[in-house]
Amino acid sequence: MQNNYYPFVNTPLPYGYDALEPYIDAKTMYLHHDRHLQTYIDNLNEILKENPQLQNLSLEQLIVNASRLPKSLQTSIRNNAGGVYNHRFFFEGLINPSDKIPHGKISEEIEKQFHSIETFMGEFTKAALSVFGSGYAWLVSDKGILKIITTRNQNTPLEQRLCPILNLDVWEHAYYLKHYNMRADYIKDWHHIINWDNAEKNYRNCLKEISMR
Ligand SMILES: [Fe+2]
């Protein structure tokens with residue numbers, strides 16, 4: 001991930017605001033990246049400006065160590081460092097046109113563990129729909145084993161020592177302008193723009209991390 005240390009800057013999207021049309025509209029992408037993500041970045045920089053002892057920690061280190069920080073900082077670091085990490089991860093995981101189906105190692109593993117891509121997509125959709133309020137659905141690697149999990153607010157799988165492969169932002173700001181309250185329609189549209197190359201790269205990195213331990 002680029003720009004992983006203080007001061008954090010809002011690196012541009014790897015595609016245009018309208019690149020994901022007609023599945024996610026340009027205005028949603030603009031607001032999501034330039035307003036919502038920007039706010040998390042600004043808040044995180046503000047916290048770190050006031051706490052220089054934390055400035056040499058990477059974004060991931062801030063998240064993983066949040067529970068060891070002074071109580072007064074834990075929630076704000078979790079929310080804002082998590083907000084930066086989760087959004088960057090989400091935006092990097094999208095592409096249009098997409099290959100539509102996974103390939104490579106991740107495809108083999110999904111078929112092994114979920115029996116078919118269709119079953120996996122069904123289970124992922126169910127998980128994303130089950131998030132009450134704001135949060136994310138994730139495909140993660142738990143020491144090589146694939147799992148579908150959900151996180152609330154801006155919590156991340158990193159805190160649970162899980163390695164993220166794919167995520168879906170189901171905060172209403174991610175879809176309300178186009179899909180209104182129809183989260184299921186948004187999820188269906190998201191299926192068309194999953195960057196499976198990126199998921200494959202993430203899964204291979206997860207496996208590499210295990211072999212390096
Ligand atoms: Fe979001």
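## Notebook: loops, domains and helix packing

I started with K100, which is found in the loop between α3 and α4. I kept in mind from the outset that this is a predicted model. The phi angle of K100 is near 75°, a positive value in a residue other than glycine. I then asked whether K100 is buried or exposed. Because K100 has 11 C-beta neighbours inside 10 Å, and a residue with 12 or fewer is taken as exposed, I entered K100 as exposed.

While in that loop I also looked at P97, which lies between α3 and α4, and noted that the peptide bond from N96 to P97 is cis, with omega near 5°. A cis peptide bond also joins Y6 and P7, where omega is about -5°; I placed P7 in the segment before α1.

I turned next to Y180, found in the loop between α6 and α7. Y180 is not a glycine, yet I read a positive phi of about 50° for it. I counted 11 C-beta neighbours inside 10 Å around Y180, so I entered Y180 as exposed.

**Domains**

I took up the domain assignment of the chain, which gives domain 1 as 26–92 and domain 2 as 104–212. Taken over C-alpha atoms, the centres of domain 1 and domain 2 are separated by 20 Å. For the contact itself, I noted that 17 residues of domain 1 touch 16 residues of domain 2. Which elements give two or more residues to the side of domain 1 that touches domain 2? I listed α1 (26–50), α2 (59–64) and α3 (71–92), and recorded that α3 gives the most, with nine residues. By character, the residues on this side of domain 1 divide into six nonpolar, seven polar and four charged.

**Helices α4 and α5**

Within domain 2, I looked up how helix α4 (residues 104–114) meets helix α5 (residues 117–130), and found that their axes come within 8 Å and cross at roughly 80°. I therefore described α4 as roughly perpendicular to α5, since angles of 65 to 115 degrees count as such. On the α4 side the contact is made by I110, E111 and F114, and on the α5 side by I117, T119, F120 and E123. I sorted the residues of this contact into four nonpolar, one polar and two charged.

**W171 and helix α7**

I then asked where W171 lies, and placed W171 in the loop between β3 (163–169) and α6 (176–179). Because W171 has 20 other C-beta atoms within 10 Å, and 20 or more is the condition for burial, I entered W171 as buried. I also compared the position of W171 with that of E123, one of the α5 residues in the contact with α4: W171 and E123 are 48 residues apart in sequence and 19 Å apart in space, C-alpha to C-alpha.

My last entry concerns helix α7 (residues 183–190), in which Y186, I187 and W190 are buried. Why do I write that the buried residues of α7 line one face of the helix? Seen down the axis of α7, the buried residues fall within an arc of 100°, so I assigned them to one face. I noted finally that the buried residues of α7 pack against α5, β3 and α6.

Notes. Residues numbered from 1 in each chain as written. Predicted model: local features only at pLDDT ≥ 70, side-chain atom pairs only at ≥ 80, totals over all residues. Axes fitted to C-alpha atoms, helices over the stretch in contact; angles between N-to-C directions. Helix = DSSP H or I, 4+ residues; strand = E, 2+ residues; numbered from the N terminus. Parallel < 35°, antiparallel > 145°, perpendicular 65-115°, else oblique. Contact = placed C-beta atoms within 7 Å. Nonpolar A, V, L, I, M, F, W, Y, C, P; charged D, E, K, R; others polar. Domains from an automatic or database assignment. Arc of directions from axis to C-beta.
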